[in-house]
Amino acid sequence: MWESVIGLEIHVQLKTQSKIFSPASTSFGAEQNTQACAIDLGLPGVLPVLNEEAVKMAIKLGIAIGASIENNSIFARKNYFYPDLPKGYQISQYEIPIVSNGSIDIDVNGNIKTIRITRAHLEEDAGKSIHDLYENESVIDLNRAGTPLIEIVSEPDLSNAEEAVKYLKNIHSLVRYLNISDGNMQEGSFRCDANISLKRSNSSELGIRAEIKNINSFKFVEQAINYEIQRQSEILDNGKSVIQETRLFDPIKNETRSMRSKEEANDYRYFPDPDLLPVSISNDLIENIKLNMPELPNKKKERFIRQYKLTDYDTSILILDKDLSNYYEKVLENTDLNPKTTANWIITELLSYANKSNTEVKNYPVTFGDLASLLTYLHEGLISNKQAKIIFEKMWNNGEKPQDIIEKEGIKQVSDTTEINKLVDNVIKNHYKSVEEYLAGKDKLFGFFVGEVMKESKGKANPKIVNKLLKEKLKNDK
Amino acid sequence: MENKTLIELKTEIQNKKISSYELTKFFLDRIKKIDSKLNSFITITENNALKKAKEIDSEITKGNIKPLSGIPIAQKDIFCTKDIKTTCGSKMLENFVSPYDATVVEKLNEAGMIIIGKTNMDEFAMGSSNETSYFGDVKNPWDLNCVPGGSSGGSAASVAARLIPCSTGTDTGGSIRQPASLTGICGIKPTYGRVSRYGMIAFASSLDQAGIFTRTAKDCAILLSHISGYDPKDSTSSKKEVPDYYKECIKKFEKMKIGIPEEFLDGLDSKVSEVFNESVNIFKSNGCDIKKISLKNSKLGVSAYQVVAPAECSSNLSRFDGVRYGFRANDVNNIDELYKKSRSEGFGDEVKRRILIGTYALSTGYYDAYYLKAQKIRTIISQEFQNAFKEVDVIIGPTAPDCAFKLGEKLNDPIAMYLSDIFTVSTNLAGLPAISIPMGFKNQLPLGLQIIGNHFDESKILSLSNHYQNLTDWHTQKPKILGAI
Amino acid sequence: MDKKTVIKIADLAKIQINDKEIEDISVSLQKILNLVDEMNAVNTDNIEPMSHPLNLKQELRKDVVLEKNKRDLFQKNNKYTENGYYKVPKIID
């Protein structure tokens with residue numbers, strides 16, 4: 001009946017050192033208004049000067065999404081009044097944005113769907129208004145004012161919340177791969193607005209759309225879109241019309257509601273900013289940046305599968321976060337470790353700890369070097385798999401090094417044949433009845449004997465060797 | 001002393017014939033004695049100026065002398081000055097003290113100059129008569145019942161009255177040249193991008209330029225070299241090398257081809273025409289070829305200007321919202337009221353008028369017909385100038401259609417006021433340099449001659465101006481009222 | 001220019017005007033528009049609009065932090081600040 005048509009506008013904060021038009025710092029978390037210089041404050045007489053790194057980052061993005069890079073793009077003023085917009089206008093791009101006509105693929109149930117990206121343009125971020133600090137006043141912090149943003153606008157090619165989240169995650173991964181943004185949704189360096197409308201399945205005529213702002217997690221994007229689709233369906237089912245408006249997503253109530261602010265009535269009166277000249281980007285510069293592009297997710301995926309013989313599934317997990325894929329490769333570096341088992345260890349063991357505690361790679365308490373050590377001990381048979389898991393838990397929780405834990409707890413796996421033979425002899429002696437049953441044909445008892453040897457050794461015996469020696473002894477006893 | 005040129009003063013200071021302190025005090029005394037009649041200053045920085053003068057004198061005794069050490073200058077109150085109020089002639093910035101210096105101010109300070117005060121101006125540089133200032137009208141020293149021109153009325157009047165040897169101004173549609181013409185002094189507007197706009201409170205960003213008032217072309221040339229040059233803080237400033245304009249302008253005069261647009265002579269006042277023709281004859285008999293040219297669409301300059309300037313200013317003035325600095329209205333119940341009351345009380349009528357026109361011109365549905373159209377007219381006007389400069393070196397004409405008008409005469413007729421800029425606006429639209437120098441009198445009020453050059457041809461226009469001043473003495477005439485004061 | 005338009009632009013520009021002023025402004029704005037309409041005498045169909053008088057290239061700034069914290073200086077004369085924040089009447093979104 002109703003088909004949803006979704007387009008996303010993503011605002012990505014670029015991780016430059018200084019702001020897009022001023023040399024003030026962009027670092028997060030500074031005390032209010034300590035990183036707002038004269039230009040950011042919009043003092044009388046100040047002028048903007050464009051940050052070259054922001055331009056390069058935009059070009060990188062454009063190349064990565066196969067877009068056209070404009071040789072002479074223009075900055076425009078978007079005029080409106082709001083206290084966190086110091087100049088009374090935002091410097092943005094209107095006609096002639098720096099990047100246009102790109103695309104990115106998403107995986108929809110095993111099929112590739114191409115999502116077109118209409119444009120990506122540079123603009124400055126506004127400051128922050130805080131409304132709940134004082135009773136009768138709102139307060140303004142302009143530290144964020146002037147931080148460079150790239151606004152990525154997709155065509156309305158997304159058909160449901162799941163696709164939208166996939167697209168969002170791909171862009172998120174991409175900007176981190178390109179090292180142009182932290183992509184931190186909690187800190188606000190990656191923000192998403194969704195435009196949602198419904199249309200009849202058999203019609204090409206688009207419905208009236210609502211814009212949902214203020215969605216700052218992947219989960220909320222999914223919820224917001226689903227809620228909105230539901231809300232609009234109900235309106236249309238009742239024969240009414242959807243109002244074209246801006247709505248806010250309320251994550252607590254899990255609903256969208258209409259914004260009361262006057263942004264609706266605004267005529268932004270865009271015109272080219274006379275304080276800035278057209279940004280001249282030569283083809284040479286574009287070529288240069290192209291040659292120095294970091295390895296992008298899709299290329300990395302191909303390489304991982306090829307080089308490490310990993311499955312598609314495992315690779316997808318490892319590469320989604322660039323830092324994790326780097327961590328993985330660093331673990332493997334200069335070791336004999338098996339890539340597949342290493343990948344498996346990371347995906348099953350390490351990630352379960354990381355995900356449970358929401359720890360980012362850069363904050364892992366276990367360094368890649370230490371994990372490599374641990375896995376090498378395992379690989380060489382000095383510890384068992386079970387022991388390794390126990391040691392890892394200690395490494396993760398206490399930050400200890402594997403060799404220290406092993407020494408302290410004397411965990412070293414016993415592989416000495418003589419020692420183990422002693423234990424095997426003990427077990428056989430103590431369970432001679434079961435041994436007889438085994439020799440009579442009850443093969444299942446073998447596992448029991450292994451378990452008993454392990455118990456005798458307090459878990460330290462190398463299971464492989466136990467197996468081998470047990471088999472030999474029992475064979476001989478026959 | 002008050003009639004000495006910059007060069008003369010420079011020599012006196014260097015030769016220790018006079019100290020900076022004495023010189024500064026001298027002009028301060030003149031200002032205190034005379035300026036109440038003119039109202040050309042908003043702020044007089046007596047203590048700071050004398051303190052700096054003493055410091056400079058001490059440096060001079062140690063042998064540290066800078067190019068313009070110890071010479072006082074007045075800054076138009078549109079240039080941000082650290083520790084001195086910058087009001088822009090408006091209630092909105094009545095108590096505003098900038099935390100930084102404009103680049104122009106920095107450069108002149110570095111050259112050793114002493115800021116003696118901030119001059120009065122039309123509010124936010126919008127006006128042609130200095131009658132819109134929150135701090136009262138400025139009077140023309142030649143006739144206290146007449147306007148000095150605007151928007152840099154205070155800067156012009158103070159130099160004309162010899163209260164100061166030189167001052168800075170800004171020119172968006174004629175705001176240096178027209179007051180220079182009406183007060184009988186030299187005023188130069190350089191090529192767009194020649195001088196940094198950083199710290200110069202913006203009116204119309206693509207038209208504004210900082211410039212100089214002096215009594216002689218040579219003095220203009222000296223100061224122009226000091227304020228010119230690329231500024232990394234101003235993206236629209238030019239990297240083109242800055243010549244020694246003084247050297248260039250005193251070079252032996254070479255033949256020049258001078259163009260006179262017939263459109264500038266259309267319907268010209270008969271006396272103005274007569275005076276202008278005398279100047280033309282002087283050029284003719286002194287090494288210049290005169291050629292009639294046509295700037296067919298120059299008249300459209302006023303219309304285009306009345307769109308572009310307000311449009312840009314409507315956006316530039318949005319920052320004055322009472323939140324972070326400037327005037328904030330009391331007793332407001334919500335943010336909308338804060339904006340509306342602060343801006344309505346803080347801005348004068350002319351400013352409000354221009355903001356409204358500008359907002360309209362940029363609004364949806366009107367952008368193409370107004371703003372875009374005006375920018376296209378700009379291209380046409382610019383092309384016409386370029387074609388003309390293929391045939392001639394410079395273009396001349398009267399700076400203003402008439403001499404100074406009476407206070408209040410045009411205040412209620414904005415259109416008449418705008419039309420007084422008819423000869424000057426097209427140069428701003430095209431970004432060309434132009435100077436106005438005294439050329440004679442009508443009814444004992446000064447008339448100015450405008451010389452327009454091609455981009456970055458300041459040397460040519462200064463050279464021609466100097467040549468003219470070697471052959472005439474209009475620039476040495478003093479307002480007679482001063483004798484009676 | 002009609003009253004409704006004047007009210008709308010005044011609101012966009014955040015300028016308060018009373019009824020009497022609307023009338024005056026309407027008249028003077030119309031006069032200016034009449035002046036401006038003279039531009040229509042010229043055909044500009046194939047002309048490029050000019051936004052900068054000179055063909056200058058945008059100089060880019062190196063990505064270096066040059067500004068230190070000067071909050072106290074900037075807020076020195078502003079009594080509408082608290083704890084380093086700028087204060088405005090409460091805004092309800």
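Here's a short tour of two spots in this structure, which is a predicted model.

**Stop 1: chain C**

Select chain C and colour it by secondary structure. You should find three helices and two strands. Walk along the sequence and the order reads α-α-α-β-β. Now zoom out and look at the overall outline. With 93 residues, the globule rule would give chain C a radius of gyration of 12 Å, but the value here is 23 Å, so this chain is more spread out than a compact globule. If you drew a box around the C-alpha atoms along the principal axes, the box would be roughly 55 × 45 × 25 Å.

Next, switch on the surface for chain C. About 5,700 Å² is accessible, and carbon and sulfur atoms account for 47% of that. As for the residues themselves, 44% of the 93 count as buried.

Try colouring by charge, too. How many positive and negative side chains does chain C have? There are 16 of each, and the centres of the two sets sit 11 Å apart.

**Stop 2: strand E4 of chain A**

Jump over to chain A and select residues 76–79, which make up strand E4. Are its faces covered or open? Both are covered: A:Ala76 and A:Lys78 are buried on one side, and A:Arg77 and A:Asn79 are buried on the other.

Now add the strand's partners. Select residues 89–92 of chain A, strand E5, which pairs with E4(A) in the antiparallel sense over four bridges. Then select residues 271–272, strand E15 of chain A; this one also runs antiparallel to E4(A), over two bridges.

Finish by clicking on A:Ala76. Opposite this residue you'll find A:Ser92 in E5(A), and also A:Pro272 in E15(A).

Terms used. Residues numbered from 1 in each chain as written. Chains lettered and ligands numbered in written order. Predicted model: local features only at pLDDT ≥ 70, side-chain atom pairs only at ≥ 80, totals over all residues. Heavy atoms only, no water. Rg over C-alpha atoms; globule rule 2.2 N^0.38 Å. Buried < 20%, exposed > 50% of the residue type's maximum accessible area, 1.4 Å probe, protein only. Areas by Shrake-Rupley, 256 points an atom, 1.4 Å probe, with all protein chains shown as cover. Lys, Arg positive; Asp, Glu negative; His and termini not counted. Charge placed at Lys NZ, Arg CZ, Asp CG, Glu CD. Pairing = 2+ DSSP bridges.
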